[in-house]
Amino acid sequence: RKLRSDVAAAFPTLSTEQLAELIPSKEELNVIKIYSHKGEAVTVYMNHRNPILFEVEKVLYPTVYTLWIYPDLLPAFATWPPVLQKLAGGADLMLPGVVVPSSGLPRVQRGTLCAVTLLGNRAPVAVGVATMSTEEMLAAGMKGKGFAVLHTHLDHLWEYGDKSSPPTLAPLVTDSAAKESSGEEEELQGKEPVSSCSPEPEQLVDIRDLSLKDTDRAELLGQEELHENRAAEPAEDGSTEDQQEAEDSRTPQEQMDALFNQCFFHALKCKVKKSDLPLLTSTFLGSHMFSCCPAGKQLDIKKSSYKKFSKFLQCMQHQKILQVKELSKGVESIVEVDWKHPDIKAFAVPEGFSSASAAQDSKSEDREQVYHAPEIIPLYGVSTKMIPLFQESGHRKGSILSSSEVRNIIINYVKSNELVDETNKNFVKVNAILCDCLLDKSEQEEISHLKWDELLSRCLERLQPLHQVTFFGQEPVVRKGNIEPIDISIAQRSSNKKVTIIKNLELYGLDPQCVANTLQQKVQASATITPAPGAKDRVQVQIQGNQIHHLAKMLLEEYQLPRKYIQGLEKAPKLGQKK
C-alpha cells in the first residue's frame, strides 16, 4: 500500500486502474537489493519475473519493462538506434544524439525524469534525468550532455527480467506531418536512396560502432535512418516498371548499393563455407567480397547509402540472411548463414565467374590474403583525481588524450604557473595541485621538486589507461584499459603430450579458424578451436606439440605484429630438444 502511494505521488499521470495493474494488491512483489558499479545501493521491485521499478536514494524510477506498458508515462526524447549500444555501455545521452522533431522537443526542466526512445518507435529504451531544461538545450545549440542515463534496455537491470525486446509502437505523428518531415529529410540529404534495410527499430538496436561524440557522423546517420523509416513503405509499393526506370537512371550511390549486394550474395554463394564460420567481418569484406567485384569496379562503403560495413551487415541480418556477433569487444564475426535463404538461392553468378572457379579463388585467397596488423595507440582518460591538473587546459573527467597531448598540457601548466626551478631547470616545483594529484600521502611532506621525466611518468600512471585500435578499412575503436597481448602457453595433456594454446587473436583482427588452419598445414599437427575459459564469447586455438617457433615466425614475420603484443614466446623449445 505504501509503495502504491509512493508510485502515485511520483507518477501522477497513472490512473487508479493502471496503478492497480502495475502494483496488484493480491500478488506478491519481490524486493531485491543490488549495487551499481559506483557502489550505490539500488532497491529493485520485481513482478512476474520482471523488474518494474527501482529506487535510488529514496527516489523511484520505472524500468523499461514498465515503460513498454505505459510508454507515455515520462516525457520522451528520441535518438538514433545505433546510440542505444553506447547508452547500455554506460554512456550518457549527448544532445547531438537527440533527434529534434518538427513538432519541437518536449518541455522539461532540469532534473526532470525522461524516457529515451529510438527513432520510429515510441517504446522507451532508456531512463535518464535531464541535465538542463529544454530552453537551455536549444540555447546551447543542442551541444553538450543532455541526459544522465540511469537504466537502459540491454543493461544488467534489464537482464534481471525475461530479456524481452521493446515492442513496436508507432510514433504519435499524423500522416501529413510524416510526409512533410520525410520531404524535408530528402531535401537535406540530396534525395539519398532508400536502403533495403527493414525499418523495424527493434531490429536495429544492436549496431555498435557509433561514437556519441562523433556528432557529424551521428547527424548524417540519423537523417538516413529517419529517411529509411518514413520512406521505406512507399518504396516497397512501387511497381516493377518504376523499379526498372529507377535502375536505368541510378545515382552513383544506388549503383554502389547494388554492387555491394551483388558481391555480398556472390561471396556467400560461392566462397564462404560452413567450416569457415565464425568468420571475421573484416575478412569477409577484404578476402571474399572484394574478390567477387567485377573487373573495372571497386567496392567503397563510403560511397554507398550504408556508410559503414557494419550497417550493411546489420541490414542483411534483419533480412535473416546471416547472423553477426561481437565475439570480442569491437571485433564482429559472422557466426551463422542461412544458405537456404531465397535471396541466396535466387542469386545468379555474374558472367565471367563460375562457381567452381570462385570456390578455387576463395581457397587461394585464404592462402594469399594479406593480413594488415591493426594500428594500436595508447590513450589516457582524465580521472577524477587528475581533474584539477587538467581543467586549466579546458579538459574534464573522461577527456581522452594521447601521450603527446598529456605531455604538452603538463609542460604548458608548469610554464604558465612558473613552476620551473630557477636554479636547476631539470626540476619542477611541486605546488598544491601537483602535490594532490601526483604524490602519495607519505610523500607529500618530503617531496618539493620532481624531475621532468618523473613528473610526466607519474602523471601518465595516474590517468585512466585506454587504447585505440584501427583495423584495416574500419573505423577506429577506443577500448578501456591496456590491450591484452596475444597469449601463448604450453599445457601438458595425458601421456606426457604437450599442446600449444593461443588466446586473444580476435583482439588483433586475426581469425582464430584461419590461424588454426594455417598452423595445421605448416606443422602437420592437429589444431582445434575451443571456448576460452573465463572470457565470454572468445575462443582459443589449441595445437599439438610445442609450436612456438612456428607461431613466432608467423606472428612476427608474416603478420608483422610487434613483439610487445605477444606474450609467451620465451617458452619455445630449445634447439636440439624434442618439440
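Select Val515, Thr518, Leu519, Lys522 and Val523 in helix H19, then add His550, Leu551, Met554 and Glu558 in helix H20: these residues meet one another across the two helices, where contact means heavy atoms within 4.5 Å. The model is a predicted one, in which local features need pLDDT of at least 70, side-chain atom pairs count only at pLDDT 80 or more, and totals for chains, interfaces and linings use all residues. Residues are numbered from 1 along each chain as its sequence is written, and side-chain values use heavy atoms, with hydrogens and water left out.

Colour the selection by residue class. The contact of H19 with H20 comprises five nonpolar, two polar and two charged residues; Ala, Val, Leu, Ile, Met, Phe, Trp, Tyr, Cys and Pro count as nonpolar, Asp, Glu, Lys and Arg as charged, and the others, Gly among them, as polar.

Next, display residues 512–523 (H19) and 548–558 (H20) as helices: their axes come within 11 Å and cross at roughly 125°. Helices here are DSSP runs (H or I, at least four residues), numbered from the N terminus. Axes are lines fitted to C-alpha atoms over the stretch in contact, with angles from 0 to 180 degrees between N-to-C directions. H19 is therefore oblique to H20, a term for angles that are not under 35 degrees, over 145 or from 65 to 115.

Now move to the cysteines. A disulfide is a pair of cysteine sulfur atoms within 2.5 Å, and the count is zero. Select Cys270: the nearest cysteine sulfur, that of Cys292, is 6.7 Å away. Cys270 is buried (under 20% relative accessible area, 1.4 Å probe, protein chains only), with a value of 8%. Finally, select Cys293, whose nearest cysteine sulfur, that of Cys263, lies 4.5 Å away; Cys293 is also buried, at 14% relative accessibility.

Note on methods:
Buried < 20%, exposed > 50% of the residue type's maximum accessible area, 1.4 Å probe, protein only.
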